[in-house]
Amino acid sequence: MHTSTTSTVPLEPWTAQQLQQATQGYWHKDQIPQTEIKRILTDSRHAETGDAFLALKGERFDAHDFVAQVAANGCQIAIVERPLDVDIAQLVVADTRLALGQLGAYRREQNSQLKVIALTGSSGKTTTKEMLGSILSRLAPTLITRGNLNNDLGVPMMLLELRKEHQYAVMELGASHQGEIDYTSKLVQPHVAGILNIGTAHLGEFGGREGICRAKSEIYRHILPNGVAIVPQQDDFTAEILDAAKAHRISTFGVGGDVYATDVELLPQSTNFNLHTPQGSSAVKLPFAGEHNVQNATAAVAFALAIGIGLEDIVQGLEQAQGAKGRLNFIQKSPYLFIDDTYNANPTSMRAAAQVLLQQQGVKVMVMGDIGELGDSSWQEHHDLGRDLAELPLDHIIAVGQFAPAAFEGADSHSNKVKAFQTQAEALPFLINLIQTHQPQSMSFLFKGSRFTHMETLMADLMEKL
């Protein structure tokens, strides 16, 4: 899914002096723009009059090659690493990638009224972020990370969207290598920062869960004075996370923590529970399915309490929250229920999704795509997933992709209910046949896989055939 990196809201303009001050660059040939600059863009396709085009360099591309093109489109300012022979005002900086960070940090510093939450984790980031967005945006204008703009480029791009009216910001920080969260958390200067969990996402990049824990724990390094560190009480790595957070006041969530849930009632498409916090207790009707979302909700509560939100406002915000697209969205086409959980996947969230499917009516069909970023553990992780899912009272498990055979092999003695297909095109006729075989029974389908597998396509193709 291509996430739009351009905001739909007018941004705070920049002056040429501010750009220079933030980046410590110099204006080539002293060509200093006199008009205000409406936005800073990294996508040459959208650069127009009034914009500054920031030319990034990657391993396989160099946006300096597009500066002449943006000039032809009416864009009169570029931020570059080397002066170019193009008739355009050029702010020359040492490193455009770092300059983007410096501009984001400058915008953050200008908004001293802001209360900032930074969060990371292997699963649940998007849902927790949406819950926090629902709690905070009821109270005041809130900036919330869009889509997957959570890396060393995405985080500063989000900070560029800060405006004077924003009172809160909820920033999701992702880690694809050591040092990345250290860099982005320094840019966002959070009042409250925390880890949701240490799972197995990006195993390949970090050589193991200990490496993931170290990378994510960098989020605690730049909490502002008198800030709060949020820590999961029930994680395999809780001891290590507590150690990384020990310089700050700590609030924990989950069973045995400062914020926790009891009397959890799992309904097919929602959850009821009693919420317990240091500020008191409350009943909550959460419009999200699954025990894992109760955990996400208690995390959201811990973050919100830490920046001073009252319990009543928190509960109201939780009860009005909506899931992000592709995150356990329920689509009813009687007698069939389709659960779209195709936004992304890791081994933990795949198991959690299966638990939600178990709560549904009729014949239960799990359609799982490959999980990426597991490195050398890929075969073993898919094998173990096939084993665990096959032991659940699901009726059919359809594995699709390169590692589908691993899931099939893991199912072993239960392999009669598991089918493996290399491609969606091969899986589709089987799914159509499955519906025909079970007519007129009600059926519930859950589709899930890593982003690159585009499992939503298979789901849409099947729904078209009904």
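Which residues does L318 touch, not counting residues up to four places away in sequence? In this predicted model, L318 touches M131, I135, V284, L286, P287, A297 and V301.

**Nonpolar cores**

L318 and I117 have the most contacts inside the largest nonpolar core, a set of 37 residues. Two or more residues of this core come from each of β6 (115-120), α4 (125-137), β8 (168-172), β10 (228-232), β13 (271-277), β14 (280-286), α10 (291-306) and α11 (311-319). The most is given by α10, which supplies 9 residues. A second core, separate from this one, comprises 32 residues, among them L149, I181, V188 and I219. In soluble globular proteins, nonpolar side chains tend to be buried together.

**The five-stranded sheet**

An open sheet of 5 strands shows mixed pairing in the order β1-β5-β4-β3-β2. Because β1 (26-27) and β2 (39-41) stand at the edges with a single partner strand each, one side of each is left without a neighbour in the sheet. The strands β1 and β5 (residues 89-92) run antiparallel and are joined by 2 bridges; Y26 stands opposite V92 in β5.

An unreviewed UniProt entry carries the annotation "domain: Mur ligase N-terminal catalytic" for residues 36-90. In the model, the end C-alpha atoms of residues 36-90 lie 15 Å apart, and the span is 11% helix and 24% strand.

**Salt bridges and cysteines**

The count of salt bridges comes to 19. Three of these pairs are listed below.

| Pair | Closest N to O distance |
|---|---|
| K57 and E81 | 3.3 Å |
| R82 and D62 | 3.2 Å |
| R163 and E165 | 2.8 Å |

The K57 and E81 pair links distant parts of the chain, 24 residues apart: K57 lies in the loop between β3 (51-54) and α2 (67-72), and E81 in the loop between β4 (77-80) and β5. K57 is partly exposed at 38% relative accessible area, and E81 is partly exposed at 21%. With R82 in the loop between β4 and β5 and D62 in the loop between β3 and α2, the second pair ties together parts that are 20 residues apart in sequence. R82 is partly exposed at 34% relative accessibility, whereas D62 is buried at 17%. In the third pair, R163 is buried at 14% relative accessible area, while E165 is partly exposed at 38%. In addition, a network of salt bridges links K38, R39, E48 and D51.

The count of disulfides comes to 0. C75 is buried, with 2% relative accessibility, and C213 is buried at 4%.

Methods: Residues are numbered from 1 along each chain as its sequence is written. This is a predicted model: local features need pLDDT of at least 70, side-chain atom pairs count only at pLDDT 80 or more; totals for chains, interfaces and linings use all residues. Side-chain values use heavy atoms; hydrogens and water are left out. Two strands pair if DSSP finds at least two bridges between them. Helices (H or I, at least four residues) and strands (E, at least two) are DSSP runs, numbered from the N terminus. UniProt positions are given in the numbering used here, feature names are shortened, and annotations may be inferred rather than shown by experiment. A nonpolar core is a set of buried Ala, Val, Leu, Ile, Met, Phe, Trp, Tyr and Cys residues joined through side-chain atoms within 4.5 Å. Buried means under 20% relative accessible area, exposed over 50%, partly exposed in between (1.4 Å probe, protein chains only). Contact means heavy atoms within 4.5 Å. A disulfide is a pair of cysteine sulfur atoms within 2.5 Å. A salt bridge is a side-chain nitrogen of Lys or Arg within 4 Å of a carboxyl oxygen of Asp or Glu.
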